[in-house]
Amino acid sequence: MDTQSLQAFLAVADSGSFSRAAEQLHLTQPAVSKRIATLEDQIGARLFDRIGRRVTLTEAGRVLLPRARQILVMVDDSRRALTNLEGQVAGSLTLATSHHIGLHRLPPLLKAYTEAHPEVRMDLRFLDSELAYQGVLDGELEIAVVTLAPHPDPQLVVVPVWQDRMCFVCAHDHPLAGHGRLTLHELCAFDAVLPGPLTFTRTLIESRFAAAGLTLPVALATNYLETLKMMTAIGLGWSLLPERMVIGELHELDVEHPTIYRSLGYLVHRSRTLSNAARAMLSLLEEARDTASRGG
């Protein structure tokens, strides 16, 4: 099996379309079809069923899929290991981050990195933290700098870099702004605007309210914190947002509850050989670790 045929197979399997796979690989559709046909000849089995416009994996395709991913990760891993022997910090670095971290935490590090290592081609992807976790697990991403999961996968090396103090906030003209010290129970009498239900941040918030026997009164949800800030500022509800986003712009509520922090940091796969480009980025992230994340 050649790697080009396996790449074409994965592209079709992931996109569910020969035409979309061709676009991703910058090939013509007949070229993709030829690579799949070659692979099918090599293994002696059909990999896709084509019914109308739908493309679905056959049983043989489903068996091959995880193995194809493993083979390509191993090939890439071997290439990185050999390139690392040269000692150069060059090539490409595939790094994912969330929109919030990309806007508020990473810019100084990225600037310093690109100035120090101009030979590296940065493939920067903005993803929800949960998708970035999966990308590192699948071998598609070398590093992710994201909100850390409460219970990370043991296959990952997870390192906290920053601690975000989360603030209960509302608009300056919201009814809650006129209250003094509030309990969580009193807060639940008003609508909230919060991150989506499947996000790590939402899970953190829900756990605190559930521990008090309360259900969050969520009126609106979005994964983009900048959008949450806007919705809070126009009075659609109270929210819980990182301190550095809200100073002076929103009213911080005085809530009877221990301060809530969320951990932001980086993760890499334990079994992956990191490129010199990735190691250089990790060095910068280690230098950026704040006192709280170090346990100091």
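Trainee: Where should I begin, and what length does helix H12 reach from its first C-alpha to its last?

Mentor: Helix H12, residues 276–288, reaches 19 Å over its 13 residues. The model is predicted.

Trainee: What value is that span set against?

Mentor: At 1.5 Å a residue, 18 Å is expected for H12, and the 19 Å found is close to that. The expected value is 1.5 Å times one less than the number of residues. Helix H1, residues 3–15, also has 13 residues; its span of 18 Å is close to the expected 18 Å.

Trainee: Which residues of these two helices are buried?

Mentor: In H12 they are Asn276, Ala277, Ala278, Ala280, Met281, Leu282, Leu284 and Leu285. In H1 they are Ser5, Leu6, Ala8, Phe9, Leu10, Ala11, Val12 and Ser15. Just after H1 comes glycine 16, with a positive phi of about 70°.

Trainee: Which residue that is not a glycine has a positive phi?

Mentor: One is histidine 26, with a phi of about 60°. Histidine 26 sits in the loop between helix H2 (18–25) and helix H3 (29–43).

Trainee: Is histidine 26 buried or exposed, and how do you know?

Mentor: Its relative accessible area is 73%. Exposed means over 50%, so histidine 26 is called exposed.

Trainee: What makes leucine 240 and leucine 241 count as buried or exposed?

Mentor: The cut-off for buried is under 20% relative accessible area. Leucine 240 has 1% and is therefore buried. Leucine 241 has 0% and is therefore buried. Leucine 240 lies in strand S9, residues 239–242, and leucine 241 is placed in S9 too.

Trainee: Which residues is each of them in contact with, leaving aside neighbours within four places in sequence?

Mentor: For leucine 240 they are Met166, Cys167, Phe168, Leu194, Ile205 and Ile260. For leucine 241 they include Arg165, Met166, Cys167, Val169, Leu225 and Leu228. Contact here means heavy atoms within 4.5 Å.

Trainee: How many disulfides does the structure have?

Mentor: A search of the whole structure finds 0.

Trainee: Why is there no bond between cysteine 167 and cysteine 170?

Mentor: A disulfide is a covalent bond between the sulfur atoms of two cysteines. The cut-off is a sulfur pair within 2.5 Å. The closest cysteine sulfur to that of cysteine 167 is in cysteine 170, 12 Å away, so the two are too far apart for a bond. Seen from cysteine 170, the closest sulfur is that of cysteine 167, again at 12 Å.

Trainee: Are these cysteines buried or exposed?

Mentor: Cysteine 167 has a relative accessible area of 1% and is buried. Cysteine 170 has 0% and is buried as well.

Trainee: Which residues of helix H7 are buried, and how do you know how they are arranged around the axis?

Mentor: H7 covers residues 129–138, and the buried ones are Ser129, Ala132, Tyr133, Gly135 and Val136. They cover an arc of only 160° around the axis, which means they are on the same side of H7. An α-helix has 3.6 residues a turn, so residues three or four places apart point the same way.

Trainee: What do the buried residues of H7 pack against?

Mentor: Strands S3 (91–97), S5 (143–147), S6 (156–170) and S11 (260–269), and helix H9 (200–211). H7 is followed by glycine 139, whose phi is positive, near 85°.

Trainee: Which helices each supply at least two residues of the lining of the second largest pocket?

Mentor: Helix H5 (99–104), H7, H9 and helix H10 (225–233) do. H5 gives the largest share, 3 residues. In total 19 residues line this pocket, and Ser98, His100, Asn223, Tyr224 and Leu225 lie nearest its centre.

Trainee: What is its volume, and how is empty space found at all?

Mentor: The second largest pocket has a volume of about 270 Å³. Rolling a probe the size of a water molecule over the atoms shows where empty space is left.

Trainee: And what describes the protein as a whole?

Mentor: There are 12 helices and 11 strands. Of the 296 residues, 44% are buried. The C-alpha atoms fill a box of roughly 75 × 50 × 30 Å along the principal axes. Among contacts between residues at least 6 apart in sequence, 73% join residues at least 24 apart.

Notes:
Residues are numbered from 1 along each chain as its sequence is written. This is a predicted model: local features need pLDDT of at least 70, side-chain atom pairs count only at pLDDT 80 or more; totals for chains, interfaces and linings use all residues. Side-chain values use heavy atoms; hydrogens and water are left out. Buried means under 20% relative accessible area, exposed over 50%, partly exposed in between (1.4 Å probe, protein chains only). Helices (H or I, at least four residues) and strands (E, at least two) are DSSP runs, numbered from the N terminus. The arc is that of the directions from the helix axis to the C-beta atoms. On a 1 Å grid over the protein atoms alone, a cavity is a set of points where a 1.4 Å probe fits but cannot get out, and a pocket is an open set with protein on both sides within 12 Å along at least five of seven lines; lining residues have an atom within 4 Å of a point. Grid points are joined across faces, edges and corners, and a volume is the space filled by probe spheres set on the points.
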